[in-house]
Amino acid sequence: MIRVLVVHETRLLRSALTALLRDEEGIDAVAACWRSAPGRARSFRPQVCVVDVDCAGSVSSADPPGGPGCALLVLASACRPGTLRRAIAARARGFVDKDAPPARLLHAINLVAAGKRYVDHSLTPDFLEAADMPLTPRELSVLSLAAGGASVSEIARELHLSSGTVRNYMAAINRKTGARNRVDAIRISQGAGWV
C-alpha cells in the first residue's frame, strides 16, 4: 500500500484529489493544507507527497512537506519554469502537469514510490527554460521583496544592502528580463513563476 499525502491550500481540490487516489487499489491517501502538513506527515508517514507548486507556502529545499524519506511529486502548470526550478531545488522526484489526465498522476505516484523519477512530457520545454533562468539568487530576493510592495529603502534594510546596491540590482533585473521598469519586471517574473 502506497501512502500519499496531498498538500493543497484549496480544500475542495485537496479533497477531490484525495478521493481520486483513495479509489485506486494499493493507495492510501490523506490531505492537508500547508500549515498542517508537517503534523499530518509525522502521524501518517507518507511515502509520496503530492503538492501544487503554485500554492502559497509552496515547496522549499529547507522544509519538504512530507518529511524525510518522503518522495516529493509536484503538480505544475506549463509555462511557469520558475516554479519548476524551486521544485527541483527542493529535490522533487516527480513532475506532473496540472492539465494531465488522472491516470498520469497515478502512474507518476507509482514510479516515484518505487524510487524512480517522473517528468510529464508536456513540462519538458519548461525544464529547459528553468535551467536558463537569468536571475541570480540575490536578484530573486530583491525582486521578491519588490513584488511584495517593499520600497528600495525597505529592501535595502531587509537584505542589509545600500539603497544604491538595490537600485543596481533592479537595473540588472530589468535588463535581464527585458522589462521597461520595476512593475514590468515583477509582471514578467511572476508570469514565469520566478517570484
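A residue counts as buried here when its relative accessible area is under 20%. By that cut-off Asp-184 is buried, because its relative accessible area comes out at just 5%. The model behind these values is a predicted one, and Asp-184 is a handy place to start reading it. This aspartate sits in helix H9, which covers residues 182-192. Leaving aside residues up to four places away in sequence, Asp-184 touches Gly-178 and Ala-179. Ser-163 is another matter: 21 residues separate Asp-184 from Ser-163 along the chain, and their C-alpha atoms are 20 Å apart in space.

Zooming out, the domain assignment splits the protein into domain 1, residues 1-128, and domain 2, residues 133-190. Measuring from C-alpha centre to C-alpha centre, the two domains lie 30 Å apart.

Next comes the sheet. Six strands make up an open sheet with parallel pairing, and reading across it the order is E2-E1-E3-E4-E5-E6. The edges belong to strand E2 (27-32) and strand E6 (118-119); each has a single partner strand, so one side of each is left without a neighbour in the sheet. For E2, the link to strand E1 (residues 2-7) consists of six bridges, with the two strands running parallel. One pairing can be picked out by residue: Val-4 has Ala-29 in E2 as its bridge partner.

Helices pack on this sheet too. H1 touches E1, E2 and strand E4 (71-76), and its direction makes about 170° with that of E2. Helix H4 (residues 102-113) also packs on the sheet, where its contacts take in E1, E2, strand E3 (48-52), E4, strand E5 (94-97) and E6. The direction of H4 makes about 155° with that of E4.

Which residues does Thr-18 touch, not counting those up to four places away in sequence? The list is Val-6, Ala-29, Val-30 and Ala-31. Thr-18 itself is found in helix H1, residues 11-22, and Ala-29 is the residue already met as the bridge partner of Val-4. Thr-18 counts as buried because its relative accessibility is 4%, under the 20% cut-off. Its side chain also has a polar partner: the side chain of Thr-18 reaches the backbone oxygen of Arg-14 at 2.7 Å.

Notes. Residues are numbered from 1 along each chain as its sequence is written. This is a predicted model: local features need pLDDT of at least 70, side-chain atom pairs count only at pLDDT 80 or more; totals for chains, interfaces and linings use all residues. Side-chain values use heavy atoms; hydrogens and water are left out. Domain bounds come from an automatic or database domain assignment. Helices (H or I, at least four residues) and strands (E, at least two) are DSSP runs, numbered from the N terminus. Buried means under 20% relative accessible area, exposed over 50%, partly exposed in between (1.4 Å probe, protein chains only). A polar contact is a pair of N or O atoms within 3.5 Å; within protein, one must be able to donate a hydrogen and the other to accept it, and residues adjacent in sequence count only if both atoms are side-chain atoms. Contact means heavy atoms within 4.5 Å. Two strands pair if DSSP finds at least two bridges between them. Axes are lines fitted to C-alpha atoms, for helices over the stretch in contact, and angles run from 0 to 180 degrees between N-to-C directions.
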